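Hi everyone, thanks for coming. I'd like to walk you through a structure that's new to most of us, so have a look at it first.

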Amino acid sequence: KRFAPGTLIECVHLAQFNGEFKSGLYVVAERKDNFGQYESTCKQLEILEDGTHWLWPRSSDPEWQQPYKIPSADEWNGDPEAEVRVIGVVVFVHGPPMI
């Protein structure tokens, strides 16, 4: 819904991001899939007043409409399959190439 096909996004590693980490940012998150391989995705960050962090997909695919709550350290049970990490922040968006 946010990025048209062919859009390029520029990201910086989270450790190098010196802006404010706030709701509305588009971030790069990664997790291990069922085969033990890492997969990355771009999601929009929402931080609620209670401090919970949510990743919102902005896909037009009906299968990918549900937000994902990033578990706090207290909620995460150490299961590497459940771990989702924010690894980068989108800093610039280039529209789709002209045909």
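Let me start with a term: buried means under 20% relative accessible area, exposed means over 50%, and partly exposed is anything in between, using a 1.4 Å probe and protein chains only. And a word on where this comes from: it's a predicted model, where local features need pLDDT of at least 70, side-chain atom pairs count only at pLDDT 80 or more, and totals for chains, interfaces and linings use all residues. Residues are numbered from 1 along each chain as its sequence is written, and side-chain values use heavy atoms, with hydrogens and water left out.

So, try that first term on Ala15: at 70% relative accessibility, this residue counts as exposed. You'll find Ala15 in the loop between S1 and strand S2, which is 26–32. Strands here are DSSP runs of E, at least two residues long, while helices are H or I runs of at least four, and they're numbered from the N terminus. What lies 8.0 Å from Ala15, C-alpha to C-alpha, though 73 residues apart in sequence? That's Gly88.

Now the sheet. Two strands pair if DSSP finds at least two bridges between them. Here 6 strands make an open sheet, running S1-S6-S2-S3-S4-S5, with antiparallel pairing. Strand S1 (8–13) and strand S5 (68–70) sit at the edges with a single partner strand each, so one side of each has no neighbour in the sheet. From one strand to the next, the twist averages 45 degrees; axes are lines fitted to C-alpha atoms, for helices over the stretch in contact, and angles run from 0 to 180 degrees between N-to-C directions.

Let's zoom in on S6, residues 84–94, which pairs with S1 in the antiparallel sense over 6 bridges. Leu8 faces His94 across that pairing, and Ile9 stands opposite Val93. S6 also pairs with S2, again antiparallel, over 5 bridges. There, Val28 stands opposite Gly88, the residue we just met with Ala15.

What about the inside? A nonpolar core is a set of buried Ala, Val, Leu, Ile, Met, Phe, Trp, Tyr and Cys residues joined through side-chain atoms within 4.5 Å. The largest one has 9 residues: Leu25, Val27, Ala29, Leu45, Leu55, Ile70, Val84, Val86 and Val89. S2 and S6 each supply at least two of them, and S6 gives the most, with 3 residues. Take Val89: leaving aside neighbours within four places in sequence, its contacts (heavy atoms within 4.5 Å) include Cys11, Phe17, Leu25 and Val27.

Next, how many aromatic pairs are there? There's 1. Rings of Phe, Tyr and Trp (its six-membered ring) pair if their centres lie within 6.5 Å; planes under 30 degrees apart are stacked, over 60 edge-to-face, and the rest tilted. The rings of Phe3 and Tyr26 have centres 5.2 Å apart and planes at 65 degrees, so they're edge-to-face. Phe3 is partly exposed at 27%, whereas Tyr26 is buried at 16%.

Last, the cysteines. A disulfide needs two cysteine sulfur atoms within 2.5 Å, and this structure holds 0. Why no bond from Cys11? Because the closest cysteine sulfur, in Cys42, is 6.4 Å away, too far for a bond. Both count as partly exposed, Cys11 at 36% and Cys42 at 24%.
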